[in-house]
Amino acid sequence: MTGHMTPEEFRQHGHEVVDWIADYWAGIAAHPVRSRVSPGDVRAMLPASAPEQGEPVSAVLADLERVVLPGVTHWQHPGFFGYFPANTSGPSVLGDLLSAGLGVQGMSWVTSPAATELEQHVMDWFAELLGLPDSFRSTGTGGGVVQDSSSGANLVALLAALHRVSKGATLRQGVRPEDHTVYVSAETHSSMEKAARIAGLGTDSIRVVEVDAELAMSPRALEQRLERDVARGFVPVLVCATVGTTSTTAIDPLAALGPICQRFGVWLHVDAAYAGVSAVVPELRALQAGVEWADSYTTDAHKWLLTGFDATLFWVADRAALTGALSILPEYLRNAATDTGAVVDYRDWQIELGRRFRAMKLWFVVRWYGAEGLREHIRSHVALAQELAGWARADDRFDVVAPHPLSLVCLQPRWARGVDADVATMTLLDRLNDGGEVFLTHTTVAGRAVLRVAIGAPATTRAHVERLWTLLREGHDWLANDFAEQQAEQRAREVAERQAAAEHAAAEAAAAEQAAAAEQAAAGQSDAPAEAAPEVTPETAPEAMTGEVDAEPTAEDPADSPTVETPAAGDETATQADAQAGLRIPASAESGDPAR
């Protein structure tokens, strides 16, 4: 294939691509949720060099199936319960397709007025839908912009806060990391620490504020830290409060934190990346009561509001601080509209210069679903999460370990005594994820591993949550039985080892006793004085010795009686000599002597 794709070719192949996406969505449940490839598998299937000649779209789609799809973790799968949801939808994809087709560069109003003004208007719509303060509207002192991510939004909020607290000095002199301080909680997203690094403050500037039993930032602890730092000569820059922390969706009390921040002149930034969009449901807005105290606010439509990445909604109450920190105008960007000050140039609201038409997909989504459709989407997932939490509370195999006001539930499996609970929980997680039907992630609460169940994929229904609950219980039972068998086997081995050790010890003790007895006996024989043999005299000599033999036979068989030789009558001298020499009784005679 050579040359540009003509409009007609685009029409033909565009249909093929849309058909492929539609087929993928229709059959997504047949895929294992998490990719099963090993590191390097995808690259190993790609050619070492780029193709020299162009190839047809059909070949690319074939390799999409063969090479790419096996290496995809399916975030739109109805069994995807990990991290936070990363929604997309048909309207969002079509809006992105239109944005890509237009291919406009929206860095300044003049480069595409519609890209700027449609974004301003859509951001005002969402400020109203979420119940945000009037200061966040483009008609007030602030305004909204679509950022690439909440990580980027956290960074620009910090830069704006630095600009305000330094009265613009950071533009000329840079930051003073030894003076400035930033306040987070232990549950704040790591992107704020990264923002402090990028901004030049470094991690030493960060103060970690204590949390309460529900993992929310403690207002009293914040106040004490601010007082202490100010007394020591530090300049507080920003407090990052979170609505819906990543681990457990803890919610910092904005209504209590706001007045404290105002008293100390510190910028209050609200990171509501996941949970903020829930405020489209009026009955959920109380979760972020006090948002009117915020200097800046961020939430992600690309998490839970049916819009593909990247679609971070970011507002400031005072746009002058934001543009003051980020605006720079080289000659080649000057134009009459900008010079009048009557227009917004979004290049001054973000880190990068260039920007695509991000608002197009948001416009498509809100036009397709309407406000009520968005509310129903949020309500349905919150209801499923509450139902799951109820099942878990009624089951003695699991504990619900944190408040769950939205669509995230944190479950801690219970395990028998003697089982390493964290190892068992992570083993259960691996077993579930390896099965392919569902995908979960984990976090730690109070130092213990817990399972996070984040409900949010557009295709997820009650049946999918029920199936997850079944898999959780079955997996727990299987592992619990396996651990019980292992413990029983271990106990049996320990009993056998103890018994064998006892038998061995007893045998050794018996052998030692025998050896000691033998040694004692031997020592007794060698140490006792030799017993003197009785002196034989003619008066005491046995009859056999004197020749006077009893003629009466004994009761014993004569054949069994010992034969005693009698000395000859003429050998008296020899007998006397023997007697004088002290004859002993032979040992053979001792053994049969009844007197011994």
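What follows is a walk through some local features of a predicted model, from its salt bridges to a nonpolar patch on its surface.

Salt bridges make a good place to start. A search of the whole structure turns up 34 of them. One pairs R379 with E283, whose side chains meet at 2.8 Å, N to O. R379 sits in helix α14, which covers residues 359–393, while E283 belongs to the loop between β5 and β6 (296–300), so this pair ties together parts that lie 96 residues apart in sequence. As for cover, R379 has a relative accessible area of 28%, and so it counts as partly exposed. Another salt bridge links D300 to K303, with the closest N and O atoms 2.5 Å apart. Here both partners, D300 and K303, are buried.

A third pair brings in a wider group. The side chains of E352 and R358 meet in a salt bridge at 3.5 Å, N to O. The two partners fall into separate accessibility classes: E352 is partly exposed, because its relative accessible area is 28% and the partly exposed range runs from 20% to 50%, whereas R358, at 5%, counts as buried. The pair doesn't stand alone, either. Salt bridges that share partners join E352 and R358 with D96, D310, R356 and K361 into one network.

D310, a member of that network, also has something to show in its backbone. The peptide bond leading from F309 to D310 is cis, with omega near 5°. D310 itself lies in the loop between α11 (301–304) and β7. Strand β7, which spans 312–316, turns up again below as a packing partner of helix α12.

Two other loop residues are worth a look for their backbone angles. Y83, found in the loop between α3 (57–68) and α4, has phi near 50°, a positive value in a residue other than glycine. L215 is a second such case, with phi near 70° in a residue other than glycine. Its place is the loop between β3 (206–209) and α9 (219–231). How do these two residues fare for cover? Y83 is partly exposed, at 43% relative accessibility. L215, in contrast, has a relative accessible area of 17%, which puts it under the 20% cut-off, and so it counts as buried.

Helix α12, made of residues 319–326, gives a closer view of how the elements fit together. Buried residues in this helix are A321, L322, G324, A325 and L326. What do they pack against? Their partners are two helices, α6 (150–165) and α7 (169–173), along with the strands β5 (267–271) and β7 (312–316). The start of α12 has a polar contact of its own: a side-chain oxygen of D318 comes to within 3.1 Å of the backbone nitrogen of A320.

Two of those packing partners, α6 and α7, are joined by a loop that holds S166. At 14% relative accessibility, S166 counts as buried. The side chain of S166 makes polar contacts with backbone atoms on either side in sequence. One runs to the backbone oxygen of H163, at 3.4 Å. The other reaches the backbone nitrogen of T170, at 3.3 Å.

What about the cysteines? A disulfide is a covalent bond between the sulfur atoms of two cysteines. In this model the count of disulfides comes to zero. Among the cysteines, C261 is buried, with a relative accessible area of 2%. C410 is buried as well, at 3%.

Out on the surface, which residues make the nonpolar patch? M5, F10, V18, L94 and L97 do, over an area of about 460 Å². The elements that give two or more residues to this patch are α1 (7–26) and α4 (90–102). V18 is one of the patch residues, and it lies in helix α1. With 41% relative accessibility, V18 counts as partly exposed. Helix α4, the other of these contributing elements, also borders the loop that carries Y83.

Technical notes. Residues are numbered from 1 along each chain as its sequence is written. This is a predicted model: local features need pLDDT of at least 70, side-chain atom pairs count only at pLDDT 80 or more; totals for chains, interfaces and linings use all residues. Side-chain values use heavy atoms; hydrogens and water are left out. Patches are made of residues with over 30% relative accessible area and no salt bridge: like charges are joined within 9 Å, nonpolar side chains (Val, Leu, Ile, Met, Phe, Trp, Tyr) within 5 Å. Accessible areas come from the Shrake-Rupley method with a 1.4 Å probe; for residues, only the protein chains shown count as cover. A salt bridge is a side-chain nitrogen of Lys or Arg within 4 Å of a carboxyl oxygen of Asp or Glu. Helices (H or I, at least four residues) and strands (E, at least two) are DSSP runs, numbered from the N terminus. Buried means under 20% relative accessible area, exposed over 50%, partly exposed in between (1.4 Å probe, protein chains only). A disulfide is a pair of cysteine sulfur atoms within 2.5 Å. Contact means heavy atoms within 4.5 Å. A polar contact is a pair of N or O atoms within 3.5 Å; within protein, one must be able to donate a hydrogen and the other to accept it, and residues adjacent in sequence count only if both atoms are side-chain atoms.
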